[in-house]
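Biologist: Could you walk me through how you read a model of this kind, taking one feature at a time and giving the general idea before the case at hand?

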Amino acid sequence: MIATQPFNILPRPALAGEFVPADYFRKLERDEICRGGRPLEVDLGCGDGAFLMGMAQEFPERDFLGVERLLGRVRKVCKKLTRRNLANARVLRLESNYTTGWLLPAAAVSRLHLLCPDPWPKLRHHRRRIVQLDFLEAVRQALVPGGEFLFMTDHEEYFQWAVGKVAEFGMFERLEWTEDSFFYPKTDFQLQWEAEGKSMWRLRCRKPTD
Ligand SMILES: C[S@@+](CC[C@H](N)C(=O)[O-])C[C@H]1O[C@@H](n2cnc3c(N)ncnc32)[C@H](O)[C@@H]1O
């Protein structure tokens, strides 16, 4: 089991399956979010949690943290995790950039997933996109050496933007990623978009080991 909450500082009862940091103003210790030396995977903007649950079910030996800012979605995912008795996944209700920049411990995360994030298609909104140089640096710091950042979108222009930012950042190696490269459950949005005939764009990067 993942360590239980020492106390709850939220202005509401914590949900079963929810991860509530003891302090939102310091970096977490690795053992606050995962059990011993188990690999930790983070799903930013986990939505209704289909991907998080599929992964937690498939890999009981790994720990998972979903991050989602909407309380309604956090409630749904927590309910599903509890119903399925998945003790290796929890959900943090918080903003993704804050989580990567201020809470995730250094060299702690094996894989960080960013799946179907809001594309902010209008030019004047591009600065709101989460994939920016400072975000990539926060991801790099949070990943273990050899750890991976996986980004998927149906939005080709956002995909090309992300590829450009990763190239400009220059601290990751690009790896091949096709639909059948490894087990990867479909997300809720992916299912929706594929039903509309859209295809997905995948970007897989690795933090070098030296
Ligand atoms: C388009 S949905 C994708 C959900 C899920 N990853 C999927 O593929 O089904 C984007 C999700 O990210 C959440 N989200 C958007 N911006 C966020 C942010 N800055 N911090 C945390 N969650 C965010 C939204 O509430 C929403 O649930």
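Modeller: Let us begin with accessibility, where a residue is called partly exposed if its relative accessible area lies between the cut-offs of 20% and 50%. In this predicted model, Arg26 counts as partly exposed because its relative accessibility is 31%, whereas Glu32, at 19%, counts as buried. The side chains of these two residues, Glu32 and Arg26, meet in a salt bridge with an N to O distance of 3.0 Å.

Biologist: How many salt bridges does the model contain by this rule, and which residue does Glu173 meet in one?

Modeller: The count comes to 16 salt bridges. In one of them the side chain of Glu173 meets that of Arg206, at 2.9 Å from N to O. Glu173 lies in strand β6 (residues 173-175) and Arg206 in strand β7 (residues 201-206), so this pair ties together parts that are 33 residues apart in sequence. Glu173 is partly exposed, with a relative accessible area of 31%, and Arg206 counts as partly exposed at 25%.

Biologist: What distance separates the closest N and O atoms of Lys186 and Glu194, and which residues are joined into one network by salt bridges that share partners?

Modeller: Lys186 and Glu194 form a salt bridge in which the closest N and O atoms are 2.7 Å apart. Lys186 is partly exposed at a relative accessible area of 31%, and Glu194 counts as partly exposed at 25%. As for shared partners, the network joins Glu41, Arg62 and Arg111.

Biologist: Is Glu18 buried or exposed, and what does its side chain reach at 2.8 Å?

Modeller: For a charged residue one can read the accessibility first and then look for polar partners. Glu18, placed in the segment before α1 (30-33), counts as buried, because its relative accessibility is 4%. Its side chain makes a polar contact with the side chain of Arg12 at 2.7 Å, and the side chain of Glu18 also reaches the backbone nitrogen of Leu15 at 2.8 Å.

Biologist: Turning to the strands, why is β3 described as largely enclosed by the rest of the structure, and how many bridges join β2 to it?

Modeller: Here one reads the burial of a strand residue by residue and then its pairing. In strand β3 (residues 89-93), 4 of the 5 residues are buried, so the strand is largely enclosed by the rest of the structure. Strand β2 (residues 63-68) runs parallel to β3 and is joined to it by 5 bridges, with Val67 standing opposite Leu92 in β3. Together with helix α3 (residues 71-83), β2 and β3 make a right-handed β-α-β unit.

Biologist: How many residues does the largest nonpolar core have, and which element gives the most to it?

Modeller: The general idea is that nonpolar side chains tend to be buried together in soluble globular proteins. In this model the largest nonpolar core has 37 residues, and those with the most contacts inside it are Val42, Leu65, Leu112, Val131 and Phe149. The elements that give two or more residues to this core include β1 (40-44), β4 (109-115) and β5 (143-153), while α6 gives the most, with 6 residues. Leaving aside neighbours within four places in sequence, Val131 is in contact with several residues, among them Leu114, Phe151, Tyr158 and Trp161. Apart from this core lies another, of 23 residues, which includes Cys46, Ala56, Cys78 and Val91.

How values were computed:
Residues numbered from 1 in each chain as written. Predicted model: local features only at pLDDT ≥ 70, side-chain atom pairs only at ≥ 80, totals over all residues. Heavy atoms only, no water. Salt bridge = Lys/Arg side-chain N within 4 Å of Asp/Glu carboxyl O. Buried < 20%, exposed > 50% of the residue type's maximum accessible area, 1.4 Å probe, protein only. Polar contact = N/O pair within 3.5 Å; in protein donor to acceptor, adjacent residues only side chain to side chain. Pairing = 2+ DSSP bridges. Right-handed = clockwise from strand over helix to strand, strands pointing away. Core = buried A, V, L, I, M, F, W, Y, C linked by side-chain atoms within 4.5 Å. Contact = heavy atoms within 4.5 Å.
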